[in-house]
Amino acid sequence: MNKKRILSLAVVFGMAFLIAGCNFNVSETVNEKENDNAKKYEEVFKETDAVAHDFMVVKIEQNYPEILKYLSSKGIEELKEKRDYLLDNHEYPNGFEKLDGKYELRRYDNFYSDDSDEVYYRYVSPDDKGKLINSWIILEKGKEKEWKVKSYYGKRPDEINDSNAETGTVLHELPVEDDDD
């Protein structure tokens, strides 16, 4: 009887270690792919990181004349259709500065390849009530081979879900608030 218990426990522990080892290798593989892509497409990402950051700034400030400069032709049409009355406005000058670094900007390296014409970004920033809001930036290569924002109303790409939303490269990390205040 004791031999069966010991054998059963050994099998259970062995399987637990096997499963834990497999899961570790999967996350290692995802991290390796991200790092490989970050290195392989370093020149592409230098360019797209700057565009994504600058677009994030003008979007936070709702500087519509500047926003139009970053949008693709379809993105411009879409924005004109929905917010034509705002296109001359700069709603929150210095709004980005007022964030005082309280934002996160993340690039999803692992979804970019030679076959893809899109680079995905997510930024997180507080709204006027302090609640953190996710916003998405999808960059696509334009006709003149320059990177443009696909839509002012960026939606989370289908490839990104709850299981991989925290992957990628954090370009600016959201500071952790101290509760000691």
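For sorting the residues around a pocket, Ala, Val, Leu, Ile, Met, Phe, Trp, Tyr, Cys and Pro count as nonpolar, Asp, Glu, Lys and Arg as charged, and the others, Gly among them, as polar. With these classes in hand, the second largest pocket of this predicted model turns out to be lined by one nonpolar, three polar and seven charged residues. The lining consists of L71, S72, S73, K74, E140, K141, G142, K143, E144, E146 and K148. Two elements, α4 (73-83) and β3, each give two or more residues to this lining. The volume of the second largest pocket comes to about 230 Å³.

The largest pocket, for its part, has a volume of about 540 Å³. Its lining is made up of 18 residues, and those that lie nearest the centre of the pocket are K59, I60, Q62, P126 and D127. Contributions of two or more residues come from α2, α5 (95-98), β2 (118-126) and β3 (132-141). Strand β2 supplies the largest share of the lining, three residues. By class, the lining of the largest pocket divides into nine nonpolar, four polar and five charged residues.

It helps to place these pockets within the fold as a whole. The secondary structure of the chain comes to five helices and five strands. Read from the N terminus, the elements follow the order α-α-α-α-α-β-β-β-β-β. The chain has 181 residues, and 35% of them count as buried.

Helix α2 deserves a closer look. This helix covers residues 42-60, and at 1.5 Å a residue its 19 residues should span 27 Å; the end C-alpha atoms of α2 are 26 Å apart, which agrees. The buried residues of α2 are V44, F45, T48, D49, V51, A52, F55, M56, V57, V58, K59 and I60. Two of these names, K59 and I60, were met above among the residues that lie nearest the centre of the largest pocket. After α2 comes Q62, which has a positive phi, near 50 degrees. Q62 also belongs to the group nearest the centre of that pocket.

Turning to the strands, five of them form an open sheet in the order β4-β3-β2-β1-β5, with antiparallel pairing. The edges of the sheet are β4 (147-149) and β5 (169-172), each of which pairs on one side only. From one strand to the next, the twist averages 30 degrees. As background, strands of a sheet pair through backbone hydrogen bonds, either parallel or antiparallel.

The pairings can be followed from strand to strand. Four bridges connect β1 (residues 104-107) with β2 in the antiparallel sense. Across this pair, R106 has R122 of β2 as its bridge partner, while R107 has Y121 of β2. On the β3 side, Y121 is partnered by I137. Strands β2 and β3 are themselves antiparallel and share nine bridges. They form a hairpin with five residues between them, and in the turn G130 has a positive phi of about 90 degrees. How far is β2 enclosed by the rest of the structure? Eight of its nine residues are buried, so β2 is largely enclosed.

The next pairing, between β3 and β4, is antiparallel and rests on three bridges. Here L139 stands opposite V149 of β4. Strands β3 and β4 also make a hairpin, again with five residues between them, and K145 in the turn has a positive phi of about 65 degrees. Residues listed earlier in the lining of the second largest pocket include E144 and E146.

A final point concerns helix α4, where I76 lies. Is I76 buried, partly exposed or exposed? The relative accessible area of I76 is 23%, and buried would need a value under 20%, so I76 is partly exposed. In sequence I76 and Y152 are 76 residues apart, whereas in space their C-alpha atoms are 8.1 Å apart.

How values were computed
Residues are numbered from 1 along each chain as its sequence is written. This is a predicted model: local features need pLDDT of at least 70, side-chain atom pairs count only at pLDDT 80 or more; totals for chains, interfaces and linings use all residues. Side-chain values use heavy atoms; hydrogens and water are left out. The expected span of a helix is 1.5 Å times one less than its number of residues. Buried means under 20% relative accessible area, exposed over 50%, partly exposed in between (1.4 Å probe, protein chains only). On a 1 Å grid over the protein atoms alone, a cavity is a set of points where a 1.4 Å probe fits but cannot get out, and a pocket is an open set with protein on both sides within 12 Å along at least five of seven lines; lining residues have an atom within 4 Å of a point. Grid points are joined across faces, edges and corners, and a volume is the space filled by probe spheres set on the points. Two strands pair if DSSP finds at least two bridges between them. Axes are lines fitted to C-alpha atoms, for helices over the stretch in contact, and angles run from 0 to 180 degrees between N-to-C directions.
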